Amino acid sequence: DIIPQPLLDQYLSMTDPARAQTVDTEIAKHCAYSLPGVALTLGRQNWHCLKDTYETLASDVQWKVRRTLAFSIHELAVILGDQLTAADLVPIFNGFLKDLDEVRIGVLKHLYDFLKLLHADKRREYLYQLQEFVVTDNSRNWRFRYELAEQLILILELYNPNDVYDYLRHIALTLCSDKVSEVRWISFRLVVAILQKFYANNANALGLNFINELVVRFRHCSKWVGRQAFAFICQ
């Protein structure tokens, strides 16, 4: 009773491969693009009407279709709420994490927005996977690593100091030694944000350990670029 049933049926039929041949080769992409809007209109109580279509689109052979969904999965999570997100979106989100870089970037750009919607125990599982974002299909794709550093600055608030020290510290140090200067500069901001996190939460011992690590790694580096990194971090 929210929208006419024939209209919904027409929308759901956009994933039919025959439609791609007879109507428009990119019809599945258009379907994926509109899905959050349709989900919002129907409301979370009617998500069951769209669930199968969403899963079909998420496994579409065209990466452009999957990329479209990856860019909007955080919006859909807000519409569906935490229970449906955990049950139906998290498995698809996990699939996108292992997809092509063109698809992964969609997830990465809104990583913080998605993770903050998850329960703390579920969110903690992703600590192990964040490291995987440092590796890309094409190492020249430096914007991917830049985006990772930007997201990590936001993500710090979602984890306790010990988790930040055990998992995110390593990623930050790796990014600080990146070949591309743009990535290094945003990573210096990340390092400082980590230090602020430690001292704001009275984790002074972790902060001191990290400072000592920065001194050893950068202040006493044999290459000028490492010593320059230390100067930027101090600044």
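In the predicted model, Tyr-199 is partly exposed, with a relative accessibility of 36%. Tyr-199 belongs to helix H11. Apart from neighbours within four places in sequence, its contacts are Asn-204, Gly-207, Leu-208 and Ile-211. The C-alpha atom of Tyr-199 lies 9.3 Å from that of Pro-161, although 38 residues separate the two in sequence. A similar pairing involves Asn-202, whose C-alpha atom is 9.2 Å from that of Pro-161 across 41 residues of chain. Asn-202 sits in the loop that joins H11 to H12. With a relative accessible area of 66%, Asn-202 is exposed, because the threshold for that class is over 50%.

The overall fold is considered next. The protein comprises 13 helices and 0 strands, so that the order of elements from the N terminus reads α-α-α-α-α-α-α-α-α-α-α-α-α. A box of roughly 70 × 35 × 25 Å along the principal axes is filled by the C-alpha atoms. The chain has 235 residues, of which 46% count as buried. Among contacts in the protein with a separation of 6 or more, 66% are between residues 24 or more positions apart.

Helix H12 follows the loop that holds Asn-202. H12 covers residues 204–219, and its 16 residues should span 22 Å at 1.5 Å a residue; the end C-alpha atoms are 21 Å apart, in agreement with that expectation. Its buried residues are Leu-206, Gly-207, Phe-210, Leu-214 and Phe-218. These residues lie on the same side of H12, because the arc that they cover around the axis is only 95°. An α-helix has 3.6 residues a turn, so positions three or four places apart point the same way. Ala-205 and Val-216 are exposed on the other side of H12. The packing partners of the buried residues of H12 are helix H10 (161–176), helix H11 (181–200) and helix H13 (224–234). Gly-207, one of the buried residues of H12, is also among the residues in contact with Tyr-199.

Helix H9 (142–155) comes after the loop that contains Gln-129. H9 has 14 residues, and the distance from its first C-alpha to its last is 20 Å, close to the 20 Å expected at 1.5 Å a residue. The buried residues of H9 are Phe-144, Arg-145, Glu-147, Leu-148, Ala-149, Gln-151, Leu-152 and Ile-155. Helix H6 (101–109), H7, H10 and H11 are included in what covers them. H10 and H11 also pack against the buried residues of H12.

The structure was further examined for enclosed and open spaces. It holds 1 cavity of 30 Å³ or more, and the largest cavity contains about 40 Å³ of space. The lining of this cavity is formed by Phe-93, Leu-97, Leu-111, Leu-115, Tyr-126, Gln-129, Leu-130 and Phe-133. Helix H5 (63–97) and helix H7 (111–115) are the elements that give two or more residues to this lining. By class, the cavity lining has 7 nonpolar residues, 1 polar residue and no charged residues.

Gln-129, one of the cavity-lining residues, is located in the loop between helix H8 (120–124) and helix H9. Gln-129 counts as buried because its relative accessibility of 18% is under the 20% limit. Leaving aside neighbours within four places in sequence, Gln-129 is in contact with Leu-97 and Lys-98. Of these partners, Leu-97 is also listed in the lining of the largest cavity.

The largest pocket has a volume of about 170 Å³. Its lining consists of Ser-139, Arg-140, Trp-142, Arg-145, Ser-177, Asp-178, Lys-179 and Val-180. By class, these are 2 nonpolar, 2 polar and 4 charged residues. Arg-145 thus appears in the pocket lining and among the buried residues of H9.

Towards the N terminus, Thr-53 lies in helix H4, which runs over residues 48–58. Thr-53 is buried because its relative accessible area, 8%, is under 20%. Not counting residues up to four places away in sequence, Thr-53 touches Leu-12, Thr-15, Cys-31 and Leu-35.

Methods. Residues are numbered from 1 along each chain as its sequence is written. This is a predicted model: local features need pLDDT of at least 70, side-chain atom pairs count only at pLDDT 80 or more; totals for chains, interfaces and linings use all residues. Side-chain values use heavy atoms; hydrogens and water are left out. Helices (H or I, at least four residues) and strands (E, at least two) are DSSP runs, numbered from the N terminus. Buried means under 20% relative accessible area, exposed over 50%, partly exposed in between (1.4 Å probe, protein chains only). Contact means heavy atoms within 4.5 Å. The expected span of a helix is 1.5 Å times one less than its number of residues. The arc is that of the directions from the helix axis to the C-beta atoms. On a 1 Å grid over the protein atoms alone, a cavity is a set of points where a 1.4 Å probe fits but cannot get out, and a pocket is an open set with protein on both sides within 12 Å along at least five of seven lines; lining residues have an atom within 4 Å of a point. Grid points are joined across faces, edges and corners, and a volume is the space filled by probe spheres set on the points. Ala, Val, Leu, Ile, Met, Phe, Trp, Tyr, Cys and Pro count as nonpolar, Asp, Glu, Lys and Arg as charged, and the others, Gly among them, as polar.
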